[in-house]
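Work through these exercises with the model open beside you. Try each task before you read its solution.

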Amino acid sequence: MNLIIFGPPGAGKGTQSSFIVSKYKLFQLSTGEILRNEIKNKTNLGVKIQSIMNSGSLVLDDDVSKLLEKFILNKEYANKFIFDGYPRNLAQAKNLEILLSKYGQKIDLVLKLSVSLDVIKKRISGRSVCSICGKIYNDFFNPAPINSNCCSSKFLQKRTDDTLDIAVKRFQTYENNTKPIIDFYKKLDLLKVVNGEAPISQINVEISGLIDSIEG
Ligand code: AP5
């Protein structure tokens with residue numbers, strides 16, 4: 001089973017992906033995370049994309065596609081993908097179909113989390129990520145545990161693109177590209193829309209129901 005989790009910045013894609021990964025033993029392929037690692041490791045690509053990511057725009061399709069294929073060709077992950085942050089435009093959606101079919105795979109379900117810009121602003125301004133285990137927290141909605149060795153405040157980090165200005169730009173980038181992707185997956189009868197403003201645990205339950213229904 002391969003899934004896509006789709007939605008605006010701060011919609012909860014990463015939060016829900018980590019739940020799906022542990023429940024269904026899937027592999028989360030977050031293009032944002034892969035690109036941030038390129039920046040952290042100061043690779044040629046990382047140097048090239050740093051300013052693009054900090055402006056809220058999209059990295060070039062070809063650059064993301066090359067990174068993506070390295071994972072898709074790995075048999076260990078075959079039919080276990082949850083694509084988080086890919087595709088982000090129609091060209092990427094079509095490219096994903098081509099790449100998957102090249103390796104004998106397909107998408108089984110597309111989950112779209114719907115969240116308004118007002119909610120997103122608050123989520124992004126409150127977000128922190130544990131630099132040790134990668135767990136995602138939120139000062140307002142989902143605070144890190146106080147008595148934890150791993151996720152204590154000294155290990156919590158803010159993302160450089162999590163300022164209000166860049167978040168609004170990221171939201172606009174998302175809005176400008178979304179409709180063709182939605183239409184594409186509607187035609188393939190793969191799209192399920194989930195209310196991303198519900199509590200995290202309630203969304204877990206709804207998503208589980210949708211996955212269970214396609215697993216039969
Ligand atoms: P990426 O890392 O993918 O960022 P994004 O799409 O903007 O999404 P986020 O990671 O910000 O949010 P999320 O939906 O995962 O929310 P989260 O679970 O953390 O991409 C970053 C950049 O990389 C892009 O701008 C672009 O430049 C580049 N890029 C990436 N992919 C690309 C591609 N395919 N092509 C080209 N460029 C690409 O939750 C957010 C917060 O809310 C957390 O604090 C969480 O605790 C909280 N929260 C979550 N759910 C709930 C809830 N239900 N109720 C209350 N709080 C909640």
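The exercises below concern a predicted model, and they go from the whole chain to single residues.

**Exercise 1. The chain as a whole**

Find out how many helices and strands the chain has, and how its radius of gyration stands against the globule rule.

*Solution.*
Step 1. Count the elements. The chain holds 8 helices and 8 strands.
Step 2. Take the radius of gyration. It is 17 Å, close to the 17 Å that the globule rule gives for 216 residues. The chain is therefore as compact as a globular protein of that length.
Step 3. Box the C-alpha atoms along the principal axes. The box comes to roughly 45 × 40 × 35 Å.
Step 4. Turn to burial and surface. Of the 216 residues, 46% count as buried. The chain exposes about 11,400 Å², and carbon and sulfur atoms supply 53% of that area.
Step 5. Look at contacts between residues at least 6 apart in sequence. Of these, 69% join residues at least 24 apart.

**Exercise 2. The parallel sheet**

Work out the strand order of the sheet of 5 strands, and say which strands stand at its edges.

*Solution.*
Step 1. Read the order. The open sheet runs E2-E3-E1-E4-E8, with parallel pairing.
Step 2. Find the edges. Strands E2 (27-30) and E8 (191-195) each have a single partner strand, so one side of each is left without a neighbour in the sheet.
Step 3. Follow the twist. From one strand to the next, it averages 20°.
Step 4. Check the pairing of E1 (residues 3-6) with E3 (residues 81-84). The two run parallel and are joined by 3 bridges. Ile5 stands opposite Asp84, and Leu3 has Ile82 as its bridge partner.
Step 5. Check E2 against E3. They pair in the parallel sense over 4 bridges. Here Phe27 stands opposite Phe81.

**Exercise 3. The two faces of E3**

Decide whether the faces of E3 are covered or open.

*Solution.*
Step 1. Sort the residues by side. Phe81 and Phe83 lie on one side, and Ile82 and Asp84 on the other.
Step 2. Check burial. All four are buried, and both faces are covered.
Step 3. Look for a helix that lies across E3. Helix H4 (residues 61-72) lies across E2 and E3, running at about 165° to E3.

**Exercise 4. The antiparallel sheet**

Trace the sheet of 3 strands and identify the helix that lies across E5 and E6.

*Solution.*
Step 1. Read the order. The open sheet runs E6-E5-E7, and its pairing is antiparallel.
Step 2. Mark the edges. They are E6 (136-138) and E7 (156-157), each of which pairs on one side only.
Step 3. Look at E5 (residues 127-130). It is joined to E6 by 3 bridges, and the two run antiparallel. Ser128 stands opposite Tyr137 in E6.
Step 4. Add the helix. H6 (residues 117-126) lies across E5 and E6, at about 40° to E5.

**Exercise 5. Cysteines without disulfides**

Explain why Cys130 and Cys133 are not counted in disulfides.

*Solution.*
Step 1. Recall the bond. A disulfide is a covalent bond between the sulfur atoms of two cysteines.
Step 2. Set the cut-off. The two sulfur atoms must lie within 2.5 Å.
Step 3. Test Cys130. The nearest cysteine sulfur, that of Cys150, is 3.7 Å away.
Step 4. Test Cys133. The nearest cysteine sulfur, that of Cys151, is 3.6 Å away.
Step 5. Conclude. Neither Cys130 nor Cys133 is in a disulfide. A search of the whole structure finds 0.
Step 6. Add accessibility. Cys130 is buried, with a relative accessible area of 2%. Cys133 counts as partly exposed, at 42%.

**Exercise 6. Two lysines**

Place Lys80 and Lys169, then list what each touches beyond four places away in sequence.

*Solution.*
Step 1. Place Lys80. It lies in the loop between H4 and E3. At 36% relative accessibility, Lys80 is partly exposed.
Step 2. List its contacts. Lys80 touches Met1, Asn2, Lys25, Leu26 and Phe27.
Step 3. Compare sequence with space. Lys80 and Leu29 are 51 residues apart in sequence, and 9.8 Å apart in space, C-alpha to C-alpha.
Step 4. Place Lys169. It sits in helix H7 (residues 164-187). Its relative accessible area is 32%, which means partly exposed.
Step 5. List its contacts. Lys169 touches Ser55, Gly56 and Ser57.
Step 6. Take one more pair. Lys169 and Ser213 are 44 residues apart in sequence and 36 Å apart in space, C-alpha to C-alpha.

Technical notes
Residues are numbered from 1 along each chain as its sequence is written. This is a predicted model: local features need pLDDT of at least 70, side-chain atom pairs count only at pLDDT 80 or more; totals for chains, interfaces and linings use all residues. Side-chain values use heavy atoms; hydrogens and water are left out. Two strands pair if DSSP finds at least two bridges between them. Contact means heavy atoms within 4.5 Å. Axes are lines fitted to C-alpha atoms, for helices over the stretch in contact, and angles run from 0 to 180 degrees between N-to-C directions. The radius of gyration is taken over C-alpha atoms; the globule rule is 2.2 Å times the number of residues to the power 0.38. Buried means under 20% relative accessible area, exposed over 50%, partly exposed in between (1.4 Å probe, protein chains only). Accessible areas come from the Shrake-Rupley method with a 1.4 Å probe; for residues, only the protein chains shown count as cover.
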